[in-house]
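Please read the report below with the structure open beside it, and look up each residue as it is named.

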Amino acid sequence: SSSSRTGRTSGLPQRFSYEAFSLADDALIIDLNDMERIQVDRAKGQATIQAGAELVPIYETLSAEGVTIPGGSCATVGITGLTLGGGYGLLARWKGLTCDSLQSVEMVTATGKAIVANATRNSDLFWALRGGGGGNFGIVTSLTYEVHPIDKVSIYQLSWNWTEIERVMQFWQTWAAESDDRHTSILVPESVGSIFVVGQFVGTEAELRQVLEPLFALAPKSVSIETLPYLEAVYAFAGLKPDYPKRLAHWHGSQTKFKNASDYVARPLNPAGTATVINFLKQAPSKNVVLQFDSYGGAIAKIAPDATAFPHRQAKFNIQYQTYWTKPQDQAAHVNWVRNFRSAMQPHVTGGCYVGSAFS
């Protein structure tokens, strides 16, 4: 979940937003791709990361020290775009958003001045940098985070037949945001296929099974649970562990073209909202669509909505509308599906969106 991905423009490596808003004709583009240094200070419990670093190398470096930061699961996402947009991931209910572990930022202003923003220096700017989106205040060159000790985690995947979608979806909406804070859960209903719940728990399989007991009561058709080193879980969710069930990495689709959007939900969907979800999944333009419900609550909700620039602290979950295609002639149908789906959901959502993966 991030506003940046890795690609190339004019032969040079670049980072650009989902909608390519960071690229423009007749504009100067500042390429930070080579600024990748990651320094860990175990004594201070901090990591200082340059702005061009990507998530998987960050997790690998931190894991070697027995620590991590809460962040996204897409392998090539850049740390800066992730943090400035908030930064949701599979440790979010345990340790908050990525921006909640941010302690200090170095940046260059439009006048060319290098400054530091933290809780005591340029504190108003520091407030805005935590979840307000990127590109508005200057060029971030380095970020310092509090790091968190981590060892093994337990990850899981439960599935049900499509006929159970309404029952599973309704139950998940009230259960996920209130479950153990060490647990982050994602609901993934397919387009007339199966419905999955996947997630991560910072603890043992035995503890996770207790957390999942209410879901077991819904009689899933398949259950997969594994306790493994945290870095292995990173690889699994990033789609870098081919021997793990593919569904865990399903929503990171590798198609050439894609369109993503999002919404926040403050209370469980009413019958009309549930019917809208089901109807649009039935009308999906292809099998390459993903609807993803990301659970909130936990540590995310324990920070006041006005304490940072990230305003969605009290949401129960975030909806991610995603669609992928390869052929140019398929673009209109897929883009319209996302746009029309999100429009139809507006009576049931807050009107806000996750700035890292949305369009209007």
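## Two residues with a positive phi

Ala219 is found in the loop between helix 6 and strand 13, the strand that covers residues 222–229. In this structure, which is a predicted model, the backbone angle phi of Ala219 is positive, at about 55 degrees, although Ala219 is not a glycine. The relative accessible area of Ala219 is 54%, and because a residue counts as exposed when this value is over 50%, Ala219 is placed among the exposed residues.

Asp26 also has a positive phi of about 55 degrees, and Asp26 is likewise not a glycine. The place of Asp26 is in the loop that runs between strand 2 (12–16) and strand 3 (38–41). With a relative accessibility of 88%, Asp26 counts as exposed.

## Salt bridges on partly exposed residues

How many salt bridges does a search of the whole structure find? The search finds 9 salt bridges, and several of them can be followed residue by residue.

In helix 6, which covers residues 205–216, Glu205 and Arg209 lie 4 residues apart, and this spacing is about one turn of the helix. Their side chains meet in a salt bridge, with a distance of 3.1 Å from N to O. Glu205 counts as partly exposed at 28% relative accessibility, and Arg209 counts as partly exposed at 36%. Another salt bridge is formed by Arg182 with Asp180, and here the closest N and O atoms are 3.1 Å apart. Arg182 has a relative accessibility of 27% and counts as partly exposed, while Asp180 has a value of 28% and also counts as partly exposed.

## A buried salt bridge and a network

Asp263 forms a salt bridge with Arg342, and the closest N and O atoms of this pair are 3.4 Å apart. The pair links distant parts of the chain, since Asp263 belongs to strand 14 (residues 257–265) and Arg342 belongs to helix 9 (residues 331–345), with their positions 79 residues apart in the numbering. Are Asp263 and Arg342 buried or exposed? Both Asp263 and Arg342 are buried.

Salt bridges can also share partners, and in this way Arg93, Asp181 and Lys302 are joined into one network.

## Residues apart in sequence

Thr83 lies in helix 2, which covers residues 79–84. Thr83 has a relative accessible area of 0%, and because buried means a value under 20%, Thr83 counts as buried. Thr83 and Gly131 are 48 residues apart in sequence, and in space the distance between them, from C-alpha to C-alpha, is 6.9 Å.

A second pair of this kind begins with Asp124, which is found in helix 4 (residues 123–129). Asp124 is exposed, with a relative accessible area of 60%. Asp124 and Thr308 are 184 residues apart in sequence, whereas in space their C-alpha atoms are 9.6 Å apart.

## A nonpolar patch on the surface

Which residues make a nonpolar surface patch of about 300 Å²? The patch is made by Leu28, Ile30 and Ile139. Ile139 lies in strand 8, which covers residues 139–146. The relative accessible area of Ile139 is 33%, a value at which the residue is described as partly exposed. A residue can join a patch only with over 30% relative accessible area and no salt bridge, and the 33% of Ile139 therefore meets the cut-off for area.

## The second largest cavity

A search of the whole structure finds 2 cavities of 30 Å³ or more. The second largest cavity holds about 100 Å³ of space. Its lining includes Tyr59, Gly71, Gly72 and Ser73, together with Leu90, Leu91 and Gln200, and also Tyr230, Ala233, Val234 and Phe237.

Which helix gives the largest share of this lining? The largest share, 4 residues, comes from helix 7, which covers residues 230–237. When the lining residues of the second largest cavity are divided by character, 7 are nonpolar, 4 are polar and none is charged.

Key:
Residues numbered from 1 in each chain as written. Predicted model: local features only at pLDDT ≥ 70, side-chain atom pairs only at ≥ 80, totals over all residues. Heavy atoms only, no water. 1 Å grid on protein atoms, 1.4 Å probe; cavity = no way out; pocket = protein on both sides within 12 Å on 5 of 7 lines; lining within 4 Å. Points joined across faces, edges and corners; volume = space filled by probe spheres on them. Nonpolar A, V, L, I, M, F, W, Y, C, P; charged D, E, K, R; others polar. Patch = residues over 30% accessible without salt bridge, like charges linked within 9 Å, V, L, I, M, F, W, Y side chains within 5 Å. Areas by Shrake-Rupley, 256 points an atom, 1.4 Å probe, with all protein chains shown as cover. Salt bridge = Lys/Arg side-chain N within 4 Å of Asp/Glu carboxyl O. Buried < 20%, exposed > 50% of the residue type's maximum accessible area, 1.4 Å probe, protein only.
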